[in-house]
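Reader: Hey, I've just been handed this one and don't know my way around it yet. Can you pull it up and walk me through it?

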Number of protein chains: 2
Amino acid sequence: MNLLPVLEPTTDTTCCPPAEDTALGVKEAKQQALVFKALADPNRLRLLSIIKASPSGSTCVCDLTEPLDLGQPTVSHHLKVLVEAGLLQREKRGTWAYFSLAPGALDRAANLLANL
Amino acid sequence: MNLLPVLEPTTDTTCCPPAEDTALGVKEAKQQALVFKALADPNRLRLLSIIKASPSGSTCVCDLTEPLDLGQPTVSHHLKVLVEAGLLQREKRGTWAYFSLAPGALDRAANLLANL
DNA sequence: CGCTTATATTGACATCCATCAATAAGCGCA
DNA sequence: TGCGCTTATTGATGGATGTCAATATAAGCG
């Protein structure tokens, strides 16, 4: 374990420019990776896209199973992942479960990239 | 007898993203998921962050191994994943390999989210 | 040529993950 | 209450993935 001189002006050009005081910490990186993990599946991207394109803004599972050509349990699993990542909201209306984009969630995800 | 109600092939290369017809297609979703897969690892996010924060804009592997507390082959593997995802550029200078952000790559990734 | 350093590749291994079949849980209705 | 429909959960399984140790490749230097 060695310590880096944090405030050194460092015009050294050999091999080692430090400057990681602004870089992502371990904890933040792990947190942010969770969001991208949720996005890192083609079918989940399509789910988000379909829900976003829906005129009413919310869609029930029954309408999501067919276009993805996946079993109902699989779709339910993907939706759960997206909800837990904060990207979707779930609202139960009677027998049906309606999913909608969590407000600002995609913007926040995009900002993660801008602020890396 | 061909009765498919297809869209006209856009002979115009100027400006037309998928318009509005439907959500993400299977092929596009798979392609975009590759980018997010590359981003879906805490250590790769930290790599991007460190490289972005570097004053020179490029960093050699030797400077990336230590702050991540990972073995050199593992770092090399992560860097390869990021390069193949189009997020990083690799430039070999003598014995060292310098990695820098691929121009516009993070913006393009952020736009994927905005245009879902 | 050998030696040293820096990076990449290979192989192995453990863990994670997407998917499905089967089943459970909730809700509406007769 | 019991039946039918919608959604969620469980368990199993094949495949992807992150990590390391060992080794290979490559470049500079004596």
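Reader: What does the side chain of B:Gln72 lie close to on DNA strand C, and at what distance?
Author: A polar side-chain atom of B:Gln72 sits 2.7 Å from a base nitrogen of that strand. Keep in mind that this is a predicted model.

Reader: OK, and which residues touch the phosphates of strand C?
Author: Two examples. A:His77 has a side-chain N or O atom 3.4 Å from a phosphate oxygen of DNA strand C. With B:Ala97 the backbone is involved: one of its N or O atoms is 3.3 Å from a phosphate oxygen of DNA strand C.

Reader: Of the strand C atoms within 4 Å of the protein, what share belongs to sugar or phosphate?
Author: 70%, and the rest belong to bases.

Reader: How many residues surround strand C, and which are the closest?
Author: There are 24 around DNA strand C, and the closest are A:Asn43, A:Arg44, A:His78, B:Ser76 and B:Arg90. By class, that surface has nine nonpolar, ten polar and five charged residues.

Reader: Which helices and strands do they come from?
Author: From chain A, α2 (42-53) and α4 (72-84) each supply at least two residues of the surface near DNA strand C. From chain B, α3 (61-68), α4 (72-84) and β3 (96-101) each do so too.

Reader: Switching over, what's around strand D?
Author: DNA strand D has 24 residues around it, and A:Gln72, A:Ser76, A:Arg90, B:Arg44 and B:His78 come nearest. Of the atoms of DNA strand D within 4 Å of the protein, 72% are sugar and phosphate.

Reader: And which elements line strand D?
Author: α3 (61-68), α4 and β3 (96-101) of chain A, plus α2 (42-53) and α4 of chain B, each give at least two residues to the surface near DNA strand D.

Reader: How far is the side chain of A:Arg90 from a strand D phosphate oxygen?
Author: An N or O atom of the A:Arg90 side chain is 2.4 Å from one. On the backbone side, a polar atom of A:Cys62 is 3.0 Å from a phosphate oxygen of DNA strand D, and for a backbone N or O atom of A:Ala97 the distance is 3.5 Å.

Reader: Back to chain A. How do α2(A) and α4(A) cross?
Author: Their axes come within 10 Å and cross at roughly 80°, which means α2(A) is roughly perpendicular to α4(A).

Reader: Which residues make that contact?
Author: α2(A) brings A:Asn43, A:Arg44, A:Leu47, A:Leu48 and A:Ile51, while α4(A) brings A:Val75, A:His78, A:Leu79, A:Val81 and A:Leu82. By class, the contact has seven nonpolar, two polar and one charged residues.

Key
Residues are numbered from 1 along each chain as its sequence is written. Chains are lettered from A and ligands numbered from 1 in the order in which they are written. Side-chain values use heavy atoms; hydrogens and water are left out. A residue is near a molecule or strand if one of its heavy atoms lies within 4 Å of it. A polar contact is a pair of N or O atoms within 3.5 Å; within protein, one must be able to donate a hydrogen and the other to accept it, and residues adjacent in sequence count only if both atoms are side-chain atoms. Helices (H or I, at least four residues) and strands (E, at least two) are DSSP runs, numbered from the N terminus. Ala, Val, Leu, Ile, Met, Phe, Trp, Tyr, Cys and Pro count as nonpolar, Asp, Glu, Lys and Arg as charged, and the others, Gly among them, as polar. Axes are lines fitted to C-alpha atoms, for helices over the stretch in contact, and angles run from 0 to 180 degrees between N-to-C directions. Angles under 35 degrees count as roughly parallel, over 145 as roughly antiparallel, 65 to 115 as roughly perpendicular and the rest as oblique. Contact means heavy atoms within 4.5 Å.
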